[in-house]
Amino acid sequence: LAGIGIAKSKGARYRLGPELEVCGYGCSDHYYESDTLLHSFQVLEKLLQSPATQDIICDVGMPVLHRNVRYNCRVIFLNKKILLIRPKIALANAGNYRELRWFTPWSKARHVEEYFLPRIIQEVTGQETVPFGDAVIATKDTCLGAEMCEELWTPNSPHIEMGLDGVEIFTNSSGSHHVLRKAHTRVDLVNSATAKSGGIYIVANQKGCDGDRLYYDGCAMIAINGETVAQGSQFSLDDVEVLVATLDLEDVRSYRAEISSRNLAASQASPYPRVKVNFALSCPDDVAVPTCVPIQWRYHSPEEEISLGPACWLWDYLRRSKQAGFLLPLSGGIDSSATACIVYSMCHQVCLAVKNGNADVLADARRVVHDETYIPEDPREFCSRVFTTCYMASENSSQDTCNRAKLLAEQIGSYHINLNMDVAVKAVLGIFSVVTGRAPRFSVHGGSSRESLALQNVQARIRMVLAYLFAQLTLWARGMPGGLLVLGSANVDESLRGYLTKYDCSSADINPIGAISKADLKNFIQYCIETFQLTALRSIMLAPPTAELEPLVDGQVAQTDEADMGMTYAELSIYGKLRKIGKAGPYSMFCKLINMWKEICTPREVASKVKHFFRMYSVNRHKMTTLTPSYHAENYSPEDNRFDLRPFLYNTSWAWQFRCIDEQVAKLEEKEGISLVEEVD
């Protein structure tokens, strides 16, 4: 209603909203419930009755049950009359999307049926039935056709045939989530939709956290004849954003007039059913009204996306969970420091929104800090109220990481806790020694690898227990109300490799960087140094990543992540993209990498690396079943819950696959041997 009101106040005659906006896109299995359908129609009843929806065509999204089949629909209405219910034709069913689980695609092209309205709607509209199906809206001055999200991405998008049949305005209601570096693909698709055969294209997309791992990133846009004329924000804390444009329909007609190939195809096009409406989008006296001119789309850099997207997601999660802030185990390394910077960015966004007059954000901020007179003006001061960081030292921790964590906490303003957990570690190990009569030792002290790994895991898991204890009671100890959400800080590459302890500090309430690569996080850290003047990050950037779970050598860290993993973070990103995005198993990955790495590795070395990765990946895959819910930012995320569906009990020898690799290596080496002999001759 707020959006419709704003659109009307700006002179709009047609209003498009996002996909399934009435109930929210992320209802998931709640779509099975009749309550969801009932409440959606109750909302539709209120919309139809509202004075705000009069004299403007309203296009809203909701689920509809037609002849006992559930469809994802657009309900288009004007002045208390439903004009058309248009069901989605192509459902999104890959990656994070499961629309075929809840909905059925409309498969009757250019076919319309009668839909019998529920009684509560009949009483408002006076209609018993309305058109339901694949049709377009014909007003007194133009023709509009609807697409829905995935339909733009399909090879044979509806706008192609609709455009040939004379539809001049295409609308797209989306539920499209953020992925790093994805925005340009969406923009290119929209502009190309009208570049070839003309037309106006309007996109409305969800924005914000809809209750799960995805952040819907807005980017509402309006384009004409292949050029963008209006761009909405990709990241913001505004609950409602309305994009309005004034365009000349004659520009569409003249653009199409000179494309003879388009006109030849149009003359043979099959017609769509048209729903005629006694209403015009234009006015007789609008000749002097200025029209919108093309603009250059402003894209965020990946570093800006990391700074803004997860920050907005965290704010949505915080305000909706009604907690009082976040607690982060801050180790002084890149991952936890990047997470801290994202929270600091969130504080910046909140202060900026309040400065710009966003009353909703101000009200939410006051609820979070439990102060009805509070006004967040300084990000550092707001950070001190909502963000607690904790450095958990052990005898294996270095003074360097302690100092780095403390200095960063001072610069962002978080409430910082320094503690030593050795007494807890020794207490747990003491119980084991009393029961078994044995005392495990680290490898450097003569212990086995089993002993050393167990000792590292005890430290890691105690950190998780302490994190939750302090999250629940720190504010209580400070005489403040509420509790804190625990943030995790394992990156996507560590998760893919399984380089984490199950139920350690990677186990948290949410993780804003869980689908972001180490390489991108390093670039983000550099961005924060420059943008937020966080000079403490310079030393963090230079330090080698380390878990600090093994004993120090001469007071210095001897353990490093990449040495422990047996692979670099750069290699991990390549493995991850080939495995998930490239759909490569061990053999296919080997075949691709022998060419990619031919200048730096022999085929035998590539084979060794690929085998090691898949062995470690499969041994540790079980850890993905308990992975902390993470902001989805990369399409090679190994998140097991909804995105990357794989077994978690593998035959980790990969006997058949590795044998195929070995056979190929032997052939390549034999061929190389022949070549060497020929060169000697």
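# A guided reading of the predicted model

Strand β7, residues 136-138, is joined to β15 by three bridges, and the two strands run parallel. Within this pairing, Ala 138 has Lys 276 of β15 opposite it. The structure described here is a predicted model, and the strand β7 offers a convenient point of entry into its sheet.

On its other side, β7 is joined to β8 by two bridges, and here the strands run antiparallel. The connection between β7 and β8 is a hairpin of four residues. Ala 138 appears again in this pairing, where Cys 143 of β8 stands opposite Ala 138. Strands of a sheet pair through backbone hydrogen bonds, and the pairing may be parallel or antiparallel.

From β8 the path continues to strand β9, residues 169-174, which is joined to β8 by five bridges in a parallel arrangement. One of the residues involved is Ala 146, whose bridge partner in β9 is Thr 171.

These pairings belong to an open sheet of seven strands, whose order is β14-β13-β10-β9-β8-β7-β15 and whose pairing is mixed. The edges are held by β14 (227-231) and β15 (274-276); each has a single partner strand, so one side of each lacks a neighbour in the sheet. On average, neighbouring strands of this sheet are turned by 20 degrees against each other, with direction ignored.

How much of strand β8 is buried? Strand β8, residues 143-148, is mostly covered, with six of its six residues buried. In a regular strand the side chains alternate between the two faces of the sheet. In β8, one side carries Cys 143, Gly 145 and Glu 147, the other carries Leu 144, Ala 146 and Met 148, and all of these are buried, which leaves both faces of the strand covered. Ala 146, the partner of Thr 171 in β9, is thus among the buried residues of β8.

A further pair of strands lies earlier in the chain. Strand β3, residues 69-78, is joined to β4 by six bridges, and the two run antiparallel. Across this pairing, Arg 74 stands opposite Arg 86 of β4. The hairpin of β3 and β4 has two residues between the strands, and in this hairpin Asn 79 takes a positive phi near 50 degrees. Strand β4, residues 81-87, is mostly covered: six of its seven residues are buried.

An annotation from the database record can be set beside these elements. In an unreviewed entry, UniProt annotates residues 1-249 as "domain: CN hydrolase". Over residues 1-249, helix makes up 24% of the chain and strand 31%, while the end C-alpha atoms are 28 Å apart.

The account now turns to side chains, beginning with the aromatic rings. A pair of aromatic rings is described by the distance of the centres and the angle of the planes. The model holds 28 aromatic pairs. Among them is the stacked pair of Tyr 374 and Phe 382, with 6.2 Å from centre to centre and 20 degrees between the planes. Tyr 374 counts as buried because its relative accessibility is 6%, below the cut-off of 20%. Phe 382, at 0% relative accessibility, is likewise counted as buried.

Phe 614 and Tyr 617 form an edge-to-face pair, with centres 6.2 Å apart and an angle of 85 degrees between the planes. Because these two residues are three places apart in helix α23 (residues 603-619), about one helical turn separates Phe 614 from Tyr 617. Phe 614 is buried, with a relative accessible area of 3%, and Tyr 617 counts as buried at 3% relative accessibility. Both rings belong to a cluster linked by ring pairs, which also contains Tyr 575, Trp 597, Phe 613, Tyr 650, Trp 654 and Phe 658.

Rings also lie beneath charged groups. The charged end of Arg 110 sits over the ring of Tyr 272, 4.6 Å from the ring centre. The charged end of Lys 580 is placed over the ring of Phe 643, at 4.5 Å from the centre of that ring.

The last stop is Ser 307, a residue of helix α10 (residues 302-321). Is Ser 307 buried or exposed? Its relative accessibility is 1%, and Ser 307 therefore counts as buried. Leaving aside residues up to four places away in sequence, Ser 307 touches Ser 345, Phe 524, Tyr 527 and Phe 532.

Terms used. Residues numbered from 1 in each chain as written. Predicted model: local features only at pLDDT ≥ 70, side-chain atom pairs only at ≥ 80, totals over all residues. Heavy atoms only, no water. Buried < 20%, exposed > 50% of the residue type's maximum accessible area, 1.4 Å probe, protein only. Contact = heavy atoms within 4.5 Å. Phe/Tyr/Trp six-rings, centres within 6.5 Å; stacked < 30°, edge-to-face > 60°. Lys NZ or Arg CZ within 6 Å of the ring centre and 35° of its normal. Pairing = 2+ DSSP bridges. Axes fitted to C-alpha atoms, helices over the stretch in contact; angles between N-to-C directions. UniProt positions renumbered as here; feature names shortened; annotations may be inferred.
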